[in-house]
Amino acid sequence: MSELLPPPPPPPPRRDSGFGDPALVFPEFAAKQCGLEKVIEEEGEGEDSSYGKGSFDLSSRFSSPSISRNRFDDVENPKKALSFKRPPSASRLSGFREEEEADRSRKSGSFVDHIGQEDKRICASGCFRKCCAYTCMFVSVVLIIVLLVGLSANSSIKSILPQVLVTNLKFSRLDISKSSTDLLMNANLNTVLQLSNNNDKTVLYYSPMKADISSENINLGKKTLSGFKQDPGNVTSLKILTRLRKSKVYDVDATLLTNKEKTLEAVVDVFLRGKLSVDWLGFKVHIPIVIACESVKQSDVINGLKPACDVRIFSE
């Protein structure tokens with residue numbers, strides 16, 4: 001009979017390098033592991049203790065420099081350690097795609113709206129420029145028409161104005177008297193103006209006019225003349241008699257006037273202001289006029305030269 005061989009000795013216990021159960025390597029963790037199992041069972045029975053009443057942090061109590069609670073959780077519940085977020089379902093993907101398409105459509109719509117607004121702005125600016133151009137053209141045409149009408153009216157009115165000449169200028173009296181303090185002058189002046197209507201068909205209507213006569217800065221008197229009518233081709237003489245009594249004058253002006261009058265070299269200014277009315281295109285037009293006979297020399301009138309006067313319209 002063969003002898004029975006003794007059973008082989010059991011293999012010596014292999015020390016774990018830290019990847020197995022820590023309780024086998026570190027005995028002091030055995031008690032802590034039991035405590036952790038109890039705590040995990042208590043937590044599994046109720047709701048989440050991390051947010052419930054009386055919750056506490058086990059990692060602060062059962063922590064070590066090498067092994068944390070998370071590693072124990074990985075060992076006890078490997079499914080939990082390997083848990084990850086579930087991928088989005090097909091419905092969620094379709095919703096995401098719909099949102100992306102909606103965003104794209106919004107962006108494309110906003111781009112189209114922006115282009116439309118730009119087109120509207122360009123159109124509005126173009127219309128505004130066209131309106132400004134047409135308005136400027138219309139205003140320019142109106143101004144040109146008004147200017148042409150004014151020029152034609154001015155030329156036609158000037159053509160119907162009368163011709164005015166000075167036919168007589170004579171002092172019947174001119175003397176100076178002295179008072180205790182002032183120098184006084186007395187003067188009588190006879191002035192005759194000749195008005196000729198050289199129009200063939202136009203009738204002239206003269207309103208009452210005011211005459212002012214002066215010489216050497218001395219006012220020789222004022223006179224108001226009655227209005228009258230003048231037919232075409234008519235010649236009318238206006239006699240203007242002015243008187244000056246005891247008017248205060250300066251010594252220099254009075255001496256100069258008296259000396260020139262003695263030698264018939266006095267220079268006189270005659271102004272008549274009033275209105276002239278004419279029939280123009282079926283309407284009676286009233287035109288303000290000024291008949292200005294300036295710097296008329298007495299010697300020229302006496303010698304029969306008949307100095308011409310200036311007839312001004314729309315003037316004072």
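This passage looks at a helical span, a strand with its two neighbours, and the salt bridges of a predicted model.

The UniProt record, an unreviewed entry, lists residues 131-153 as a transmembrane region. In the model this span is 100% helix and 0% strand, and the C-alpha atoms at its two ends lie 32 Å apart.

Strand β4 (209-215) offers a good place to begin with the sheet. In a regular strand, side chains alternate between the two faces of the sheet. Strand β4 follows this pattern: M209, A211, I213 and S215 point to one face and are buried, while K210, D212 and S214 point to the other face and are not buried. Two antiparallel pairings involve β4. With β5 (218-225), the pairing is made through seven bridges, and S215 has I218 of β5 as its bridge partner. With strand β8 (residues 267-280), the pairing is made through five bridges, and here A211 stands opposite L272. A211 and S215, each named in one of these pairings, are both on the buried face of β4.

The hairpin of β4 and β5 has two residues between the strands. E216 in this hairpin adopts a positive phi near 55°, and its side chain also takes part in a salt bridge with K260, at 3.0 Å from N to O. This contact links distant parts of the chain, since E216 sits in the loop between β4 and β5 whereas K260 belongs to helix α7 (residues 251-262), 44 residues apart. K260 has a relative accessibility of 25% and therefore counts as partly exposed, being neither under 20% nor over 50%.

Across the whole structure, six salt bridges are found. Side chains of opposite charge can pair when their charged atoms come close. Among the six is a contact between R312 and E294, whose closest N and O atoms are 3.0 Å apart. This pair, too, links distant parts of the chain: R312 lies in strand β10 (residues 310-313) and E294 in strand β9 (residues 283-297), 18 residues apart. R312 forms a further salt bridge with D310, with the closest N and O atoms 3.1 Å apart. E294, D310 and R312 are thus linked in a network of salt bridges. Each member of this network is partly exposed: the relative accessible area is 29% for R312 and 45% for E294, and the relative accessibility of D310 is 38%.

How values were computed. Residues numbered from 1 in each chain as written. Predicted model: local features only at pLDDT ≥ 70, side-chain atom pairs only at ≥ 80, totals over all residues. Heavy atoms only, no water. UniProt positions renumbered as here; feature names shortened; annotations may be inferred. Helix = DSSP H or I, 4+ residues; strand = E, 2+ residues; numbered from the N terminus. Salt bridge = Lys/Arg side-chain N within 4 Å of Asp/Glu carboxyl O. Buried < 20%, exposed > 50% of the residue type's maximum accessible area, 1.4 Å probe, protein only. Pairing = 2+ DSSP bridges.
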